[in-house]
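Please open the structure in the viewer and keep the selection panel at hand. The tour proceeds by short selections, each followed by a description.

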Amino acid sequence: MHAIIKKEDITSALGMTMGVVEKKQTLPILANVLISFDNDGFNLLATDLESELATLGSPATVKSSGKTTTSAKKLHELCRLIPDNDDIEISLDTDKLKIKTNSGKYSLATLPSEDFPVFESSSDEIEAKINAAHLREALSSTAFAMGNQDWRHYLNGLYISISKNLITTVATDAHRLAINAVEADADNDFVGIIPRKSVNEIIRLLGDIDEDVLIKANEASLTLVTQKSVFKTKLIDGNYPDYTQVIPSGDNSTIDVNVGLLSEALSRASVLSNEKYKGVKINANKDSLYISANNPDDESANESISAKYDGDNAEIAFNVNYLQEILNQQPSENCYIQIFGPEKSCIIVPPNSDYPKYVLMPLLI
């Protein structure tokens with residue numbers, strides 16, 4: 001095993017794998033990356049047993065093929081600190097990975113490539129093609145609402161539903177619900193729950209990509225294929241709740257408000273809200289929203305901003321942090337807040353659009 005690689009090529013590839021490499025080191029080899037050389041260049045593979053990331057062949061001068069595993073963190077740090085545009089010569093000498101540059105020589109410990117765990121391949125998968133930017137939007141606009149270490153393990157992930165021409169993403173922690181739907185081209189239907197860590201990794205991998213990517217999925221795993229990588233993740237075993245049952249319906253009144261104005265007012269009012277519940281009240285009338293908060297120290301905040309409202313005067317309270325997170329995901333300058341009553345959840349959507357759709361439970365204060 002012997003090859004010469006550009007510093008930028010291997011550093012970029014290693015950087016992609018670092019989100020998957022197991023940091024707790026339950027098994028020593030999980031802190032390693034599998035590096036292999038063949039006629040097409042070099043490939044890297046990282047896993048934490050729940051997910052796996054392979055970077056696809058990158059240019060390299062390969063003098064002899066082979067593979068081994070070494071510390072992902074150490075190799076990444078070393079290559080990152082080598083001067084830009086330098087060539088890096090990599091070779092395997094018995095059980096040591098030798099690194100040679102214009103200014104130095106380095107030796108890293110290895111573990112046998114045969115011991116590196118690799119996901120089993122599957123042929124029984126549905127396939128869906130989707131624009132990377134659209135997929136990233138669907139995931140990032142809903143992922144924040146996932147549960148975090150909830151005893152209901154299925155809430156600690158993101159529900160994905162694939163139909164012939166649509167991919168729907170859903171997340172909830174039982175306090176708020178986030179739903180988005182984007183166009184796709186699939187050959188069959190699929191539903192599954194992607195773990196939190198894998199959702200965040202997929203969002204990171206999609207980055208600024210604006211090309212079509214491929215999703216492959218079966219009942220146990222999901223694979224994302226891009227031009228530069230193949231990411232595989234196991235799915236959470238369980239049945240996701242019927243989220244449609246918590247979406248309010250019936251008579252409602254709509255607040256049409258500027259997202260920036262509302263967010264800034266909420267930020268100021270939240271300073272004097274109850275530290276435990278972070279509650280703020282919103283009073284709506286025809287052309288204004290009144291925002292108020294108070295705390296046990298008898299401190300209070302009152303704000304007034306312009307807005308359009310088509311119903312009778314109404315008051316409803318929310319956890320300000322949950323509301324702010326939803327406002328941060330709004331794609332338009334304004335949003336609609338649909339109120340169904342002071343003790344019922346509200347719906348927040350962009351003007352004249354069904355998605356992204358957010359359901360927020362009220363606070364009873």
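A residue counts as buried when its relative accessible area is under 20%. The model shown is predicted. Select Tyr159 to begin: its relative accessible area is 17%, so Tyr159 is buried. Add Tyr240, which also counts as buried, at 12% relative accessibility. The rings of Tyr159 and Tyr240 form a stacked aromatic pair, with 5.0 Å centre to centre and 20° between the planes. Tyr159 belongs to strand β11 and Tyr240 to the loop between β18 and β19, so the pair ties together parts that are 81 residues apart in sequence. Now include Tyr243, which completes one aromatic cluster with Tyr159 and Tyr240.

Next, display the sheet. This open sheet has 9 strands in the order β15-β11-β12-β13-β27-β26-β25-β19-β23, with antiparallel pairing. Its edge strands are β15 (190-195) and β23 (308-309). Select residues 196-206: this is helix α4, which packs on the sheet, touches β11 and β15, and makes about 95° with the direction of β15. Then select residues 259-270, helix α5, which touches β19 and β25 and makes about 85° with the direction of β19.

Move to Phe144 and Tyr358, which are both buried. They form a tilted aromatic pair, 5.8 Å centre to centre and with 45° between the planes. Phe144 lies in the loop between α3 and β11, and Tyr358 in strand β27, so this pair ties together parts 214 residues apart in sequence.

Finally, select Lys234 and Phe119: Lys234 lies over the face of Phe119, at 5.9 Å from the ring centre. The charged end of Lys357 sits over the ring of Tyr355, 5.8 Å from its centre.

How values were computed
Residues numbered from 1 in each chain as written. Predicted model: local features only at pLDDT ≥ 70, side-chain atom pairs only at ≥ 80, totals over all residues. Heavy atoms only, no water. Pairing = 2+ DSSP bridges. Helix = DSSP H or I, 4+ residues; strand = E, 2+ residues; numbered from the N terminus. Contact = heavy atoms within 4.5 Å. Axes fitted to C-alpha atoms, helices over the stretch in contact; angles between N-to-C directions. Phe/Tyr/Trp six-rings, centres within 6.5 Å; stacked < 30°, edge-to-face > 60°. Buried < 20%, exposed > 50% of the residue type's maximum accessible area, 1.4 Å probe, protein only. Lys NZ or Arg CZ within 6 Å of the ring centre and 35° of its normal.
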